[in-house]
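Visitor: I would like a close look at one part of this protein. Please take me through how two of its helices pack, and then show me what lies around them.

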Amino acid sequence: KESIDRQRKTIKSKNNYVIVQLNKNNQIIATYDSIADASFCTNLCASDISRCCSGKRLYCGGYKWVKKY
C-alpha cells in the first residue's frame with residue numbers, strides 16, 4: 001500500500017491539471033487529481049480516460065472526461 005501511495009503522489013506532482021468527469025449533459029459528476037485516481041475510483045481503463053481527455057474518444061464508461069488546468 002505504501003508504494004501505491006508513493007506512485008500516486010509522483011503521478012500527481014507531474015500533472016498540473018485535474019480530471020473532470022462529466023455526464024452527457026456536461027454536468028460535473030466528479031473531479032480527480034490524476035487519470036490514475038479517476039481510473040481507480042471508477043474502475044475504468046486509464047488509457048481510455050486519457051484518450052477522452054485528448055479528444056481521441058468521446059466517452060469512456062458513458063461519461064465525458066476533460067482536463068482542467
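Guide: Start with α2 and α3 in this predicted model. The two helices are oblique to each other, because their angle of about 125 degrees falls between the roughly perpendicular range, 65 to 115, and the roughly antiparallel range, over 145. Their axes lie 9 Å apart. Two packed helices are described by exactly these two things, the angle between the axes and the distance between them. There is also a hand to the packing: the crossing of α2 and α3 is right-handed.

Which residues in α2 and α3 meet? From α2 come Ile 35, Ala 38, Ser 39 and Thr 42. From α3 come Ala 46, Ile 49 and Ser 50. Sort them by class, and the contact has four nonpolar residues, three polar ones and no charged ones.

Look at the spacing of the numbers in that list. An α-helix has 3.6 residues a turn, so residues three or four places apart point the same way. Ile 35, Ala 38, Ser 39 and Thr 42 are the α2 residues that meet α3.

Now take α2 by itself. It covers residues 35-42. Buried residues in α2 are Ile 35, Asp 37, Ala 38 and Ser 39. Ile 35, Ala 38 and Ser 39 also appear in the contact with α3.

What comes just before α2? Ser 34 sits in the loop between β2 and α2. Is Ser 34 buried or exposed? Its relative accessible area is 1%, and buried means under 20%, so Ser 34 is buried. The side chain of Ser 34 reaches the backbone nitrogen of Asp 37 at 3.0 Å. Asp 37 is itself one of the buried residues of α2.

Go to the other end. α2 is followed by Asn 43, which belongs to the loop between α2 and α3. Asn 43 has a phi near 60 degrees, a positive value in a residue other than glycine. Most residues other than glycine have a negative phi. Asn 43 counts as exposed, because its relative accessibility is 70% and the cut-off is over 50%.

Cross the loop into α3, which spans residues 46-53. Asp 48 lies in this helix. Its relative accessibility is 18%, which is under 20%, so Asp 48 counts as buried. The side chains of Asp 48 and Arg 51 are joined by a polar contact of 2.8 Å. Asp 48 also has partners farther along the chain. Leaving aside its neighbours within four places in sequence, Asp 48 is in contact with Arg 57 and Cys 60.

Step back to see where the pair fits. The protein has three helices and three strands. From the N terminus on, the order is α-β-β-α-α-β. Buried residues make up 29% of the 69 residues. Of the contacts with a separation of 6 or more, 40% come from residues 24 or more positions apart.

Two residues outside the helix pair show such long links. The first stop is Asn 26, in the loop between β1 (18-22) and β2 (28-32). Asn 26 and Lys 64 are 38 residues apart along the chain, yet their C-alpha atoms are separated by 7.6 Å. Their side chains make a polar contact of 2.9 Å. Asn 26 has a positive phi, near 65 degrees, and is not glycine. With a relative accessible area of 47%, Asn 26 is partly exposed.

The next stop is Lys 68, in strand β3 (residues 64-68). Lys 68 and Val 18 are 50 residues apart in sequence, but 5.3 Å apart in space, C-alpha to C-alpha. Not counting residues up to four places away in sequence, Lys 68 touches Tyr 17, Val 18 and Val 20. Lys 68 counts as exposed, at 52% relative accessibility.

Finish where we began. α2 and α3 cross obliquely, with a right-handed crossing. Buried Ser 34 sits in the loop between β2 and α2, and exposed Asn 43 in the loop between α2 and α3.

Terms used. Residues are numbered from 1 along each chain as its sequence is written. This is a predicted model: local features need pLDDT of at least 70, side-chain atom pairs count only at pLDDT 80 or more; totals for chains, interfaces and linings use all residues. Side-chain values use heavy atoms; hydrogens and water are left out. Helices (H or I, at least four residues) and strands (E, at least two) are DSSP runs, numbered from the N terminus. Buried means under 20% relative accessible area, exposed over 50%, partly exposed in between (1.4 Å probe, protein chains only). A polar contact is a pair of N or O atoms within 3.5 Å; within protein, one must be able to donate a hydrogen and the other to accept it, and residues adjacent in sequence count only if both atoms are side-chain atoms. Contact means heavy atoms within 4.5 Å. Axes are lines fitted to C-alpha atoms, for helices over the stretch in contact, and angles run from 0 to 180 degrees between N-to-C directions. Angles under 35 degrees count as roughly parallel, over 145 as roughly antiparallel, 65 to 115 as roughly perpendicular and the rest as oblique. A crossing is left-handed if the near helix is turned anticlockwise from the far one by less than a right angle, and right-handed if clockwise. Ala, Val, Leu, Ile, Met, Phe, Trp, Tyr, Cys and Pro count as nonpolar, Asp, Glu, Lys and Arg as charged, and the others, Gly among them, as polar.
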